[in-house]
Amino acid sequence: MTDDPLAGWSEPDEELIRRALSRIGDRQHRRVFFERLDNPRWVTALDAHNVFDSPPEMAVDAAGHELWLPWAEGEYLVRMASMVPRAIAQILERISDSDNPNVHDLVVRAALRLPADEARRLASAIGGYLIGGTLHNGEQIVALIESFAAAGLRKPAVRIAQAAFRPRAAETQPQDPPVRRRVVAGIDHYWYGELLGRVVVALDQVLADKVLTVLVAWLEELQDALGEYDPRTGTDSSYVWRPAIGDHAQNHRHHELRDFLVEAVRDRALADVVRGRPVNEVMVVLERSGRPILARIGMHVLAQTTADISATRAEGKRCLMDRRYMAADYRHEYVELARALLPFLDEESSGDWEAMILGGPPLDEDALRDRGNRNIQPGESSEDAARRYSDVWQLNILCAIGQEILPGRAAVRRAELVETYGEPEHPDFPSFMSSWSGPKSPVDQEELSSKSVDEVRQFLTGWTPRQTAPWGDSKEGLSRILQTVVAGRPWEFAEVAIEFADLDPTYVRGFFSGLSDAIKSAAQIDWVPVIRASAVVSRRSDDGTEGAGGMDEDVVWRFAQRAVTSLFESGVSTKGENSIPASLLGEAVAAIAPLADHADPTPEHESQYGGSNMDPLTLSLNTTRPSAIRTIARIAGKARELSVASSAIDMALTISEALDVLDMRLVPDRDESLAVAAAFGESLGLLIWIDPDWAAAHRDKLMTPDGFGDVVLSTALATYSPSLGLIDFVAAAAHDVLERLATGGTMVAGWRTDRSPQEMFGDHLILLLMRDEIAADDARLEHFFATATVATRSSVLGHLGWMLMRSDDVPPEMVVRAQTLWDSRAESLTQSGSSVDELSGFHWWVLSGKFGSAWWLPRLYVASDSDDFDSQGLLGEVLEDTAPKAPRLVADVLERLLSRHHEPFERYDLIEHAPAVIAAALDSGQPETIVVGQRIMDSLGRDGHLRIAELVGQRRLH
């Protein structure tokens, strides 16, 4: 037996090396060669021929994607590293300036297999990789640091640790407005937290007490990179992002790097003190920069060790008497230290501390007056405000420490202050975060439900909020409880609706919202008093300007008024006996007619909240005038529905009154709000059905060649199913829009969906064609295909295939019409010599399962020639299933798709099913088909799919 790793391996002669190198010219052959090469003696032999001198550099493809090319030679070097370490280290050091991240990873993996003394040659390069952000396996990096540290190699261990864990500002482009600074390290944030503890242990072997200094420096550099420490004022706001140095529920860990480092510094400082390092040395390291976060860590360490290590008490007393640490920035840890140390102070020291605290905050007279004036109360003098500020400061510190810990005078003072100001919440946290589940009510649902209707009204009129803070009892909170109570007892409340119409608008909104909830739940109400109360609310004055109130109450009426329109919509949408009676529909129109002339939305509101924020339809749902228009149209629709259902019901007057209200928004001067346009667009199909003559008479006002008309058209297309009546009405406007877009114009969409207005117009036409409601030579359909962009036409044809896929029962005649349409479009492209990109959505037709493979397969071959064709990772299985029946054409399709898609995720499905397709081609007995199959297999093999021949063989017929 021998320990020589080269024993048993023969030295390659020059002729053997020459022959080998002549046969491994391309990347695939090199990969196979080096994966199977296990002889370590080839390392120096190949190196003599410069085989390892040119690892592949990082490339960039035409789309701008980085390509990290593999390096088969490097994989061989990694495997040989433990057997010929010096040669490997020399080679990797020589090529370590490569920019290829795959090469960087290989260098690290090899370094882990090398003896530490050889791997140290690579430490500088690996540090550079970390700073460049090209290494992502933190586990390997830390293992390398541990290896160096265990060997006592301080410089490489520290160099790599610094590169991996030292925070630095991320490189970003200037932005307006500026964004929060980002901080990065050499390894990902996840690995940082997982592995920082191991690095501390490793560095302890080579740095000993200096580990704390390194960790403190990292935390300081992180703060500097974030720009959160201000050396002029000595503040860092750490009490906000790290409320407690110790573990505490208030520590929300919003920025993990900061928290990881705070905890690492804390734990290391505590460990240093516990194992006997002089506590004053530890405090010097923590306090020398003057940063609050580090001083807080120091006080926490002192508080944790005071009881068991008497040597820490002198340092603790020094900090306790330092007036800097009485500031809010240090509050939690100062209080923590006081709790731990006060029981150990002698009487004199205790008295000195009391005198300092009872003397007031660490501010001069001017600063104290300034603080008091910031929160001066009505009728209060500056002196009184300053005195109150000093009192509250004392109150917070003394209450945070606790009555049982405080010495005599301080305990008496605390009791006096609590008597005057009350017990503060969370006094040890200047910044305390608590969850907020929504507005609070002064009564819960059970209590309000127990009251009679009149008692509820009296309570609403008599109760006044005591504070305006969002976490206190509020009108909004009470309104939400009222809404629930009204929904549970709608008949009782509906009978006296008029008495609630005069309440605060916050409660009126809750009242009508509760009735609406009840209607949606099939409850019945008396609509007569409700409609009369609604009329009162609708006439309340509201100029549409933004109110000055907060989220705790409504200071304008529009929200209550929209609750009325929502209730009426519910009342005409339901089919049951709880709907608004036919005899009251006219009164309902009259009740909310004033809202159709409401000022909301104002042009200023629409400018601020519309545009890129909310599309017109969404804005219309959240503003008053459009909501009223929509509701009145639906009331008219309900009236039309009732008159159609029964000739005995005459609703002509109600319909006429409703249309008259809508007419006022169009003539003589049209309302130019795009939110109003969206409301008309959403109601367009209904209005055409209610009164075709009225709709036709207003077509010129609705379907105009501007933003208003665009919104009406696009909203109608987005919200209605295809119908011949709707298409007939909008066709001329759609024709003009298509012409405008074809010449570079733009269109305003009423509702932003995943389909453009042009696509939706095409969808409508195609579905009407499928239903045989328009002919294939319909002028509107022909114009669409003549003017729409290629991408739009492709999307519409693909969408038809998608809809066919999602439909269970498709009549045979509809399938035939779809086939005819496709063939017609394909023939048109052939005759015009146009690109086949229009056909790029054909994969949905294939996947629909509605067509036989004899029809779809040749058409798929044509469609797949488009650069835009995307199989969505779904065609592999259907090609595999079809291959035995048509091996040549399926193989041709597969080859074409593979040649056009190079990203792994785009090819995965195709490659997964390729072996079966290739096997079918090779088993076909057709020479030309066999050639195609072999060609595909060779191509995949060259691309690195080494098992392709084996997988094909498993699927061959034997």
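In this predicted model, S866 is in contact with V836, D837, S840 and R900, its neighbours within four places in sequence being left aside. The residue is found in the loop between helix 46 (853-863) and helix 47 (876-882). At 1% relative accessibility, S866 counts as buried, because the cut-off for burial is under 20%. S866 and S237 are 629 residues apart in sequence, and their C-alpha atoms are 58 Å apart in space.

A second serine, S627, lies within a helix, namely helix 34, which covers residues 624-645. Its relative accessible area is 5%, so S627 is buried. Beyond the neighbours within four places in sequence, S627 is in contact with R562, T565, E569, S620 and L621.

**Overall form**

The protein chain has 51 helices and four strands. Its radius of gyration is 39 Å, well over the 30 Å that the globule rule gives for 958 residues, and the chain is therefore more spread out than a compact globule. Along the principal axes, the C-alpha trace spans about 105 × 105 × 45 Å.

Of the 958 residues, 51% count as buried. Among contacts between residues at least 6 apart in sequence, 73% join residues at least 24 apart. The accessible surface of the protein chain comes to about 44,300 Å², and 50% of this surface belongs to carbon and sulfur atoms. As for charge, the protein chain has 96 positive and 147 negative side chains, with the centres of the two sets lying 5 Å apart.

**Nonpolar cores**

The largest nonpolar core contains 150 residues, of which F512, W527, F568, F680, L684 and F842 touch the most other members. When its neighbours within four places in sequence are left aside, F680 is in contact with I629, L662, R665, L666, L687, L702, F708 and V712. A second core, separate from this one, has 129 residues, including F34, A123, I141 and F165.

**Backbone geometry**

Most residues other than glycine have a negative phi, and most peptide bonds are trans. Several loop residues are notable in this respect.

The peptide bond from D600 to P601 is cis, with omega near 10 degrees. P601 lies in the loop between helix 31 (585-592) and helix 32 (603-609). Another cis peptide bond joins V667 and P668, with omega about -5 degrees. P668 is found in the loop between helix 35 (652-663) and helix 36 (674-690).

Two residues other than glycine, A208 and H426, have a positive phi. The table sets out their values and places.

| Residue | Phi | Loop between | Relative accessible area |
|---|---|---|---|
| A208 | near 55 degrees | helix 11 (189-207) and helix 12 (210-226) | 37% |
| H426 | near 50 degrees | helix 22 (408-421) and helix 23 (445-449) | 35% |

With a relative accessible area of 37%, A208 is partly exposed, because this class covers values between the 20% limit for buried and the 50% limit for exposed residues. H426, at 35% relative accessibility, likewise counts as partly exposed.

How values were computed: Residues numbered from 1 in each chain as written. Predicted model: local features only at pLDDT ≥ 70, side-chain atom pairs only at ≥ 80, totals over all residues. Heavy atoms only, no water. Core = buried A, V, L, I, M, F, W, Y, C linked by side-chain atoms within 4.5 Å. Buried < 20%, exposed > 50% of the residue type's maximum accessible area, 1.4 Å probe, protein only. Contact = heavy atoms within 4.5 Å. Helix = DSSP H or I, 4+ residues; strand = E, 2+ residues; numbered from the N terminus. Rg over C-alpha atoms; globule rule 2.2 N^0.38 Å. Areas by Shrake-Rupley, 256 points an atom, 1.4 Å probe, with all protein chains shown as cover. Lys, Arg positive; Asp, Glu negative; His and termini not counted. Charge placed at Lys NZ, Arg CZ, Asp CG, Glu CD.
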